[in-house]
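Trainee: Could you take me through one part of this structure closely, in an order I can follow on screen? I would like to see how a single helix sits against its surroundings.

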Amino acid sequence: MADGKALRSVALQWFKREMTLRAPPAAEAPHGLFGLSWFHYVVMLILLTFAGAMIWMSFRRISRAEALLTSLTTGKRVVSEIAPAARSPRAPGAAPEAALTAFPAPPPAEYKVVAPAGLPAGRWSGQLRVAQIFQETADVRTFRLMHPAGGDLPFVFQPGQFLTISVTTEGKEAKRSYSISSSPCCRGWCEITVKRAPHGAVSAFLHEQVKAGDLLEASGPYGKFSFRGAEAPSIVFIAGGVGITPLMSALRYLTDQSWAGGIFLVYACASLKDVIYREELEYLVRRHPNLHVAFVLSDEDSPLWTGPRGYITKDLLVQAVPDLSGRLIHLCGPPPMMQAVKTILSEVGVPPDQVRTETFLTPEPGLPRPPGSPISAPSAVAAPICSFVRSGKTAPLPADKTILDASEDVGVNIDYSCRQGYCGVCKIKLLSGEVTMAVDDGLAAEDKALGFILACQAKASADVTVEA
């Protein structure tokens with residue numbers, strides 16, 4: 001302080017001396033470019049390398065995206081994108097590699113079986129468990145059927161096919177065919193939708209006796225009334241009443257598959273409360289722009305209904321379905337309605353081969369004999385004889401009986417379903433003799449060429465021999 005030094009400096013020197021603190025090292029003089037140290041150079045090099053890698057990866061990603069877009073739009077594969085190790089060795093005599101740079105042409109749309117290929121595609125028989133019952137309308141119920149042990153169904157079906165249900169009522173076995181109304185995409189279950197017939201023994205049994213958890217004897221699937229989307233670029237479904245069931249299976253299948261073709265449904269019912277699947281159809285229309293549904297009601301008296309009233313007419317069809325004459329049509333409903341619609345379609349110019357139909361007219365067991373109807377007396381003329389070769393039995397075959405009737409008289413088992421000549425389940429081979437059949441829709445051209453007949457329709461005026 002006497003030397004005139006600053007008091008702050010004297011105090012700081014005294015503090016360092018007393019605390020034995022060393023003087024700080026002299027700062028390193030800057031060197032190199034921009035006066036940076038080696039540490040800075042190393043950090044900068046790492047950052048630049050990382051940035052370069054990111055930029056390279058971005059360019060590669062853009063390049064691959066462009067190549068993928070090119071392959072999708074032109075059908076060309078960029079060979080350079082295929083790792084050499086992933087390429088298959090060329091077989092001797094194979095085309096040069098340049099021919100492999102193009103993708104094969106996309107396969108045409110086709111039905112994809114969504115079940116294991118090992119399952120039988122028909123003629124299955126066994127038991128199915130009733131998992132659930134849905135009340136569709138006042139006299140229509142849907143029965144959901146599953147494998148008794150769970151898992152997938154024991155058969156594969158196509159949209160529009162049907163099952164034959166066997167029940168025992170009043171001590172007798174009765175069979176009835178019901179269309180599968182669910183989509184084949186559902187592998188764990190299928191549904192049949194059954195309308196209770198006024199005198200229907202089987203439908204009454206199903207409605208009154210069957211409950212969830214019961215087992216039903218079933219066989220099938222049968223039938224060729226199917227549309228899978230590969231048959232035509234668009235489809236027109238025309239249904240009456242419960243005839244919508246096989247069409248609903250196809251419609252559900254097409255929408256499940258997001259099929260892009262035009263789907264038109266013209267559905268005739270008595271009243272709004274009789275429209276089966278109404279809520280689901282309205283939902284599907286909102287969900288699928290290519291689905292168009294038109295209801296026509298014959299007996300609806302509510303002023304709230306503003307849609308078409310009456311029956312299906314030419315004007316209704318032309319308005320509901322543009323270019324009707326050029327589309328494939330599937331028709332199912334009561335026979336009078338189907339006949340009327342066929343006439344309309346003919347007038348519109350739809351070729352007959354573009355109209356596919358499905359008819360089931362089975363008079364269910366238990367129908368009472370009409371009052372006053374005569375009971376035929378036994379004929380004095382000896383009836384022809386039907387010989388069943390495999391069973392070794394014979395049976396009289398009077399004029400009012402079919403071969404199926406005769407087989408049941410002597411206990412020869414011939415599978416049957418509709419008994420109307422449409423399903424083809426009862427076809428057997430005629431070995432000798434001649435028969436007449438009122439309806440033979442259930443036989444394909446090749447069946448007829450091979451000598452098959454429909455036992456439910458075949459009648460004869462002379463002895464015949466069949467393979468049964």
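Mentor: Happy to; here is a walk around helix α7 and the sheet it lies on, with a few other spots to visit afterwards.

Please keep in mind that this is a predicted model. For orientation, the chain contains nine helices and 16 strands, and 37% of its 468 residues count as buried. Among contacts with a separation of 6 or more, 66% are between residues 24 or more positions apart.

Let us begin with the sheet. Five strands form an open sheet in the order β9-β8-β7-β10-β11, and their pairing is parallel. At the edges you will find β9 (291-297) and β11 (355-358), each of which pairs on one side only. Ignoring direction, neighbouring strands here are turned by 15° against each other on average. Within the sheet, five bridges join β7 (residues 234-240) to β10 (residues 328-332) in the parallel sense. If you want a landmark on that pair, take Val 236, whose bridge partner in β10 is Ile 329.

Now bring in helix α7. It covers residues 335-348 and lies across β7, β10 and β11, running at about 160° to β10. Its length is easy to check: at 1.5 Å a residue, 14 residues should span 20 Å, and the end C-alpha atoms of α7 are indeed 20 Å apart, so the two agree.

Which residues of α7 are buried? They are Met 337, Met 338, Val 341, Ile 344 and Leu 345. Look at the spacing of those numbers with the helix repeat in mind. An α-helix has 3.6 residues a turn, so residues three or four places apart point the same way. Viewed down the axis of α7, the buried residues fall within an arc of 125°, and therefore they line one face of the helix. The cover over these buried residues includes β7, β10 and β11, and also α6. Turn to the other side of α7 and you meet Pro 336, Ser 346 and Glu 347, which are exposed. Just past the end of α7, Gly 349 takes a positive phi of about 105°.

A second helix packs on this sheet too. Helix α5 (residues 278-287) touches β8 (262-269) and β9, and its direction makes about 145° with that of β9. While you are at β8, pick out Ile 263, which has its place in that strand. Is Ile 263 buried or exposed? Its relative accessibility is 0%, and since buried means under 20%, Ile 263 counts as buried. Leaving aside neighbours within four places in sequence, Ile 263 is in contact with Ile 235, Phe 237, Leu 254, Thr 255, Asn 290, Leu 291 and His 292. Ile 263 and His 288 are 25 residues apart in sequence, while their C-alpha atoms are 9.5 Å apart in space.

The backbone deserves a look as well. Most residues other than glycine have a negative phi, and most peptide bonds are trans. With that in mind, Asp 323 is worth a stop, with its positive phi of about 55° although it is not a glycine. Asp 323 is found in the loop between α6 (314-320) and β10. At a relative accessible area of 61%, Asp 323 counts as exposed.

Away from this sheet, Glu 170 makes a useful comparison. Glu 170 lies in the loop between β3 (162-169) and β4 (172-179), a hairpin with two residues between the strands, and takes a positive phi near 55° there. Its relative accessible area is 78%, so Glu 170 is exposed. The strands on either side, β3 and β4, run antiparallel and are joined by eight bridges; one pair to find is Val 167 with its bridge partner Ala 174 in β4. Strand β4 itself has six of its eight residues buried, so it is largely enclosed by the rest of the structure.

One last stop is the peptide bond between Gly 220 and Pro 221, which is cis, with omega about -5°. Pro 221 lies in strand β6 (residues 215-222).

Note on methods: Residues are numbered from 1 along each chain as its sequence is written. This is a predicted model: local features need pLDDT of at least 70, side-chain atom pairs count only at pLDDT 80 or more; totals for chains, interfaces and linings use all residues. Side-chain values use heavy atoms; hydrogens and water are left out. Two strands pair if DSSP finds at least two bridges between them. Helices (H or I, at least four residues) and strands (E, at least two) are DSSP runs, numbered from the N terminus. Axes are lines fitted to C-alpha atoms, for helices over the stretch in contact, and angles run from 0 to 180 degrees between N-to-C directions. Contact means heavy atoms within 4.5 Å. Buried means under 20% relative accessible area, exposed over 50%, partly exposed in between (1.4 Å probe, protein chains only). The expected span of a helix is 1.5 Å times one less than its number of residues. The arc is that of the directions from the helix axis to the C-beta atoms.
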